[in-house]
Amino acid sequence: MVIESQQDVTVAATAVMEQTSDPRLREIMVSLVKHLHGFVRDVRLTEAEFREAAAVLAEIGRLSTDTHNEAILMAGSLGVSSLVCLLNNGDQGNTETSQSLLGPFWRLHSPRVENGGSIVRSDTPGAPLFVSARVVDVLGHPVAGAEVDVWHASPVGLYENQDPDQADMNLRGKFTTDADGRFWFRSVMMIGYPIPTDGVVGRLLKMQGRHPYRPAHLHALIFKPGFKVLISQVYDPADPHIDTDVQFGVTRALMGDFIRHDERHPTERDVATPWYALDYTYRMEAGEAVLPRPPIK
């Protein structure tokens, strides 16, 4: 159609979107055009602001590499990642869920580790951490034979792909749950850390007067056919940023109990004090087991 007014642009674009053959893509594109055009009208976006926005999107693309994903970082900083997670889990957001954000640092092919083993692969000073966890279904039955991929930041707040002083795959490991749905391992106590701030997301946080910190957490990705892949983070409630996570990922269900011990470990005589212990239960929902696309290599 020939555009006679600014309202005609939305009518014409919506009509084109409605010609999309795939039903789900059609639903998404029609809604996107309606909301996007509504946003432009609501804020009365200027031409200069539009050009700047286009430049920012292009910059986000340039900043996404094999070791850094600026797009995922931005989605989390806007609360989009957390919203999508909660809308799609826990009975569409009506109940608590062990699901959480994938984050920008998950990697495929973590080294396999036997239960009870360590995921520390290079000199990583920090308080010892002993994790004992259980994987169950929504009824509390154990999920045996599940593949559990775990990873976390070091005691200096860096993942190994960010830190040349750490060995490749340090603080990463892949376990298999036993007949009771349990897995357990040894690591070092992590701390909270700032997300990367040298790109678009960092500039946004500075302009908004926001801090860049995530509270200390342990990642897990759990795979078992017949269940939806469980992507989870267990947070330390003692972290000073537990109430102000820059990525909006903390829920009550995801708070763990990282217990500090100042006495000698009962079985591991080489363990210095203090040491920490975490006991946590992950709950998997029935569904299709599909691994996500890794945000980095």
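Two strands pair if DSSP finds at least two bridges between them. Keep that in mind for this tour of a predicted model.

**Stop 1: strands E9, E10 and E1**

Select strand E9, residues 259-261, together with E10. These two strands pair in the antiparallel sense, over three bridges. To see one of the pairings, pick His261 and look across to its bridge partner in E10, Trp275.

Now add strand E1, residues 128-137, and keep E10, residues 275-284, in view. In which sense do E1 and E10 pair, parallel or antiparallel? Their pairing is parallel, and it runs over nine bridges. Click on Val131 and you will find Leu278 of E10 standing opposite.

**Stop 2: Ser98**

Next, select Ser98, which sits in the loop between helix H6 (90-93) and E1. Is Ser98 buried or exposed? Its relative accessible area is 7%, so Ser98 counts as buried. Show its neighbours: Ser98 touches several residues, among them Leu230, Leu254, Tyr280 and Tyr282. Arg283 is also on the list of residues that Ser98 touches, and the side chain of Ser98 reaches the backbone nitrogen of Arg283 at 3.2 Å.

**Stop 3: helix H2**

Move on to helix H2 by selecting residues 23-43. H2 has 21 residues and spans 30 Å from its first C-alpha to its last, close to the 30 Å expected at 1.5 Å a residue.

Which residues of H2 are buried? Colour Val30, Val33 and His37, and you have them. They cover an arc of only 60 degrees around the axis, which puts them on the same side of H2. An α-helix has 3.6 residues a turn, so residues three or four places apart point the same way. Bring in helix H1 (6-17) as well, and you will see what the buried residues of H2 pack against.

Then rotate to the face of H2 turned away from its buried side, where the exposed residues Arg24, Glu27, His35 and Asp42 are carried.

Look at both ends before leaving. At the N-terminal end of H2, Asp22 acts as a cap, with a side-chain oxygen 3.2 Å from the backbone nitrogen of Arg24. After H2 comes Arg44, whose phi is positive, near 50 degrees.

**Stop 4: salt bridges**

How many salt bridges does the structure hold? There are twelve, and a few make a good last stop.

Select Arg112 and Glu147, whose side chains meet in a salt bridge (2.9 Å, N to O). This pair links distant parts of the chain, 35 residues apart: Arg112 is in the loop between H6 and E1, and Glu147 is in strand E2 (residues 147-151). Glu147 counts as partly exposed, at 27% relative accessibility.

Keep Glu147 selected and add Lys174, which forms a salt bridge with Glu147, the closest N and O atoms being 4.0 Å apart. Here strand E3, home of Lys174, is linked to strand E2, with the two residues 27 apart in the chain. Lys174 counts as buried, at 14% relative accessibility.

Go back to E1 and pick Arg134, then add Asp180: their side chains meet in a salt bridge (3.1 Å, N to O). Asp180 lies in the loop between strand E3 (172-176) and strand E4 (182-188), 46 residues from Arg134. Arg134 is buried, with a relative accessible area of 18%, whereas Asp180 is partly exposed at 32%.

To finish, select Arg107, Glu160, Asp168 and Arg172, which are linked in a network of salt bridges.

Technical notes. Residues numbered from 1 in each chain as written. Predicted model: local features only at pLDDT ≥ 70, side-chain atom pairs only at ≥ 80, totals over all residues. Heavy atoms only, no water. Helix = DSSP H or I, 4+ residues; strand = E, 2+ residues; numbered from the N terminus. Expected span 1.5 Å × (residues − 1). Buried < 20%, exposed > 50% of the residue type's maximum accessible area, 1.4 Å probe, protein only. Arc of directions from axis to C-beta. Contact = heavy atoms within 4.5 Å. Polar contact = N/O pair within 3.5 Å; in protein donor to acceptor, adjacent residues only side chain to side chain.
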